[in-house]
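Trainee: I would like to learn how to read cavities and annotated sites in a model. Can we work through a case?

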Amino acid sequence: MDEIVIEGGVPLRGEIAVSGSKNAVLPLMVAGLLTDEKLVLRGTPRLADTRTLAKVLGELGAAVEEFGDGPGEGVSVQATDLVSTRAPYEWVSKMRASFWVLGPLLARAHQAQVSLPGGCAIGTRPVDLYLNGLEAMGADIVVEGGYVNATAKGGLKAARVDFPFVSVGATHVLMMAACLAKGTSVITNAASEPEVVDVGTCLQAMGAKIDGLGTRTLTIDGVARLSGADHTVTRDRIEAGAFALAVAATHGDVTLTGIDENLLGALAPAMRLAGAELSETGTGLHVKGPRGRAIATPVTTEPYPGFATDLQAPFMGLMCCADGVSRIRETIFENRFMHVQELARLGADISLEGDTAIVTGVEKLFGAPVMATDLRASVTLVIAGLMAEGQTRIARVYHLDRGYERIEEKLSAVGAKIWRESQ
Ligand code: UD1
């Protein structure tokens, strides 16, 4: 298994091109099941997760092809005929996004058997919102033997779905299902994340009638069929945020190309409070780290436009060496602090009080062997390794490969001493 090795203490300088969004490309690929025509997605990242999902879609009957090599490269999905409506446990347990095929399968084939995703390292992650929403659209759902068995004889019917709280995944699935349901659906408390807007925009290009993207209420007029489309995926705000934090953490000076400040949402003001300088250049976002230590800054994770849960761990990386005590509160997932133990191995001073991590900034971190525990925790260890004195060795980097494209190449190109070793 590969390890990432980092010699810390080098300020990052130069330019990094931000990749296409992982959290958008996965639901976009799933949306390819809604039509028998070809869906072309451009600017897609090359990730372990996209390859896993390609296999899942392939088993259901879709032809999934990567094309091109370099900026603008992409993937096409063509599900002319669905040969199966079953997504087994082996796939869904490997990658939660596979569960989302439930919506398109039910909408197009009027039936689906999809394994429950089960728990995962960051929390229990139930699926009640998905199931209640699809039932409201007329689906008969039986959960048995770890599977969701769903049928919608005669097709899904439009419904009003009031989510009790914001769920990104349930919004993706219900939005896709409503596109082919008969009548006008209204989804309240919908997620307004840029990735949901991106998926909705692609669905519109496929012929869907969706109103209210980017707000908490979606109104969707079902259509009889959707067509193919050619769509460029939004850039990855979570990857961009992790790089911005790595730049700040190393007192660096880097332009992140292909994005603007809006995409970072609540991270931008938090980084300014922490002492970083951010300015738009026309081609991207210029990030300059604080001259001295960062300033301790509190954050609380919330649905968009609040502070993203996916940036909670990376932000904690920066706070490890901040001047003062920062309180970092996680409200989306109940167990998303596994990185705390690993950061402690590098010398960080962090204690946990319920949903809040209290980070007392230390002058320095020191390199050590650490272990990646999940996708966003693993990038935090990279950030901490870049700050630390000496060598940090990160094991279980398959977590990192799920969501960050060629991270060691991108960081080496801006001066980091980082490389991959095969064990
Ligand atoms: C969530 C994050 C998303 C992030 C992703 C991966 C939010 C709102 N969502 O999306 O930004 O990219 O994790 O880290 O920040 N829930 C239920 N029942 C359901 C569905 C969800 O109780 O049927 C709960 C979840 O357990 C969680 C919360 O709702 O506590 C938000 O979940 P959801 O947005 O669905 O999770 P993801 O789509 O994975």
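Mentor: We take the cavities, then two annotated residues. Keep in mind that this is a predicted model.

Trainee: How does one find empty space, and how many cavities of 30 Å³ or more does the structure hold?

Mentor: Rolling a probe the size of a water molecule over the atoms shows where empty space is left. Here there are three cavities of 30 Å³ or more. The largest has a volume of about 50 Å³.

Trainee: Which residues line the largest cavity?

Mentor: The lining includes Arg237, Leu263, Leu264, Tyr304, Phe307 and Leu311. By class, eight lining residues are nonpolar, two are polar and one is charged.

Trainee: Now the annotation. Which residues does "binding site" cover?

Mentor: The record is an unreviewed UniProt entry. Its "binding site" covers Arg96, Arg125, Pro126, Val127, Asp128, Leu129, Asp310 and Ile332. Let us take Asp310 and Ile332 in turn.

Trainee: Is Asp310 buried or exposed?

Mentor: Buried means under 20% relative accessible area. Asp310 has 13% relative accessibility, so Asp310 counts as buried. Asp310 sits in the loop between strand E18 (299-300) and helix H11 (312-319).

Trainee: What does Asp310 touch, beyond residues up to four places away in sequence?

Mentor: Asn23, Ile238, Arg336 and Arg376. With Asn23 there is a side-chain to side-chain polar contact at 3.2 Å.

Trainee: And where is Ile332 found?

Mentor: In the loop between strand E19 (325-329) and helix H12 (339-345). Ile332 is partly exposed, with a relative accessible area of 34%. Leaving aside neighbours within four places in sequence, Ile332 contacts Thr301, Glu302, Pro303 and Thr309.

How values were computed
Residues are numbered from 1 along each chain as its sequence is written. This is a predicted model: local features need pLDDT of at least 70, side-chain atom pairs count only at pLDDT 80 or more; totals for chains, interfaces and linings use all residues. Side-chain values use heavy atoms; hydrogens and water are left out. On a 1 Å grid over the protein atoms alone, a cavity is a set of points where a 1.4 Å probe fits but cannot get out, and a pocket is an open set with protein on both sides within 12 Å along at least five of seven lines; lining residues have an atom within 4 Å of a point. Grid points are joined across faces, edges and corners, and a volume is the space filled by probe spheres set on the points. Ala, Val, Leu, Ile, Met, Phe, Trp, Tyr, Cys and Pro count as nonpolar, Asp, Glu, Lys and Arg as charged, and the others, Gly among them, as polar. UniProt positions are given in the numbering used here, feature names are shortened, and annotations may be inferred rather than shown by experiment. Helices (H or I, at least four residues) and strands (E, at least two) are DSSP runs, numbered from the N terminus. Buried means under 20% relative accessible area, exposed over 50%, partly exposed in between (1.4 Å probe, protein chains only). Contact means heavy atoms within 4.5 Å. A polar contact is a pair of N or O atoms within 3.5 Å; within protein, one must be able to donate a hydrogen and the other to accept it, and residues adjacent in sequence count only if both atoms are side-chain atoms.
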